[in-house]
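Trainee: Please take one part of this model and go through it closely for me: the contacts between side chains. I would like to know which side chains meet, where they sit, and how much of each is open to the outside.

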Amino acid sequence: MSAYSSASDQGSVYSSPGPQDYQVVTASMTSNPQNLSKADKDRLIHSLRTHTINTLPELRRIERIFAALKAPDTAEPMRNAWLHYVDSHNLLNELRGLTRDYPFSSECLDEAKGRVPRTGNGGGNYCWKVLKWVKDQALIPRHARLLAAKPAMWGGKKPSAADVEKLATVCSDAWTRALTTLLRHWDATGR
């Protein structure tokens, strides 16, 4: 036992409470959103405002629940949660989690974020619009080629055109699979 721990550490501020069985979105909420209690709706809104929900699938679950409710007080927290999700690099982290061997380009995502309006009634949410822009504007092949041509990717040496093309193809394929995976959370119209 170290000088910093003891058998009485159980209630210490330094002890870990262990795994928590805490679920923001429950099965009953998703199966029948019209029966959502005010307390549950308030809890979901609070989780969006405090950013305790930080994955695309969880945000989509809440978005579907709120869409079924058609309650106007849910629009602003949902919109801000999507903005935070994209701006805080959670979207990039999820894309990179799907592309571990060839990490998704932050420059590609930043270009799309810079071109997609953050507000407006264009249908869909900000995250979907950013992902759709990457797809529709064919940003992936261009950014994959730019990355593959960087000497830093080749240990400071200038790569051959064939090597650049091979790496660009591999990156493009991996990034496209990741993008497609995330876009599957919506239908074609961003709903």
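Mentor: What follows goes through charged pairs, then cysteines, then aromatic rings.

This is a predicted model, so a local feature is described only where pLDDT is at least 70, a side-chain atom pair counts only at pLDDT 80 or more, and totals for chains, interfaces and linings use all residues. Residues are numbered from 1 along each chain as its sequence is written, and side-chain values use heavy atoms, with hydrogens and water left out.

Start with charge. Side chains of opposite charge can pair when their charged atoms come close. The rule used here for a salt bridge is a side-chain nitrogen of Lys or Arg within 4 Å of a carboxyl oxygen of Asp or Glu. By that rule the model has twelve salt bridges.

One of them joins K41 to D73, with 2.9 Å between the closest N and O atoms. K41 belongs to helix 2, while D73 lies in the loop between helix 3 (56-69) and helix 4 (75-87), so this bridge links distant parts of the chain, 32 residues apart. Helices here are DSSP runs of H or I with at least four residues, strands are runs of E with at least two, and both are numbered from the N terminus. How open are the two partners? K41 has a relative accessible area of 16% and is therefore buried, whereas D73 has 38% and is partly exposed. Those words have fixed limits: buried is under 20% relative accessible area, exposed is over 50%, and partly exposed is in between, using a 1.4 Å probe and protein chains only.

Helix 2, which covers residues 38-49, also holds L44. L44 has 0% relative accessibility, so this residue counts as buried. The C-alpha atom of L44 is 9.6 Å from that of M78, a residue 34 positions away along the chain.

Other salt bridges stay inside a single helix. In helix 3, R61 and E58 are three residues apart, which means that about one helical turn separates them. The closest N and O atoms of R61 and E58 are 2.3 Å apart. Both residues are partly exposed: R61 at 34% relative accessibility and E58 at 22%.

A similar layout appears in helix 7 (residues 126-136). There D136 and K132 are four residues apart, so they too are separated by about one helical turn. Their closest N and O atoms are 3.2 Å apart. D136 is partly exposed at 47% relative accessibility, and K132 is partly exposed at 22%.

Salt bridges can also share residues: E111, R115 and R142 are linked by them in a network.

Next, the cysteines. A disulfide would be a pair of cysteine sulfur atoms within 2.5 Å, and the structure holds zero of these. Two of the cysteines to look at are C108, which is buried with a relative accessible area of 0%, and C171, which is buried with 1%.

Last, the aromatic rings. Rings of Phe, Tyr and Trp (for Trp, the six-membered ring) count as a pair if their centres lie within 6.5 Å; planes under 30 degrees apart are called stacked, over 60 edge-to-face, and the rest tilted. The structure holds three aromatic pairs. In one, the ring centres of W82 and W186 are 5.7 Å apart and the ring planes meet at 45 degrees, so the pair is tilted. W82 sits in helix 4 and W186 in the segment after helix 9, so distant parts of the chain are linked, 104 residues apart. W82 is buried, with a relative accessible area of 1%, and W186 also counts as buried, at 6%.

F104 and W175 make another tilted pair, because their ring centres are 5.4 Å apart and their planes are at 45 degrees. This pair too links distant parts of the chain, with F104 in the loop between helix 5 (90-97) and helix 6 (106-115), W175 in helix 9, and their positions 71 residues apart. F104 is buried, with a relative accessible area of 0%, and W175 counts as buried at 0% as well.

Return to W82 and W186 for one further point. Together with Y85, these two residues form one aromatic cluster.
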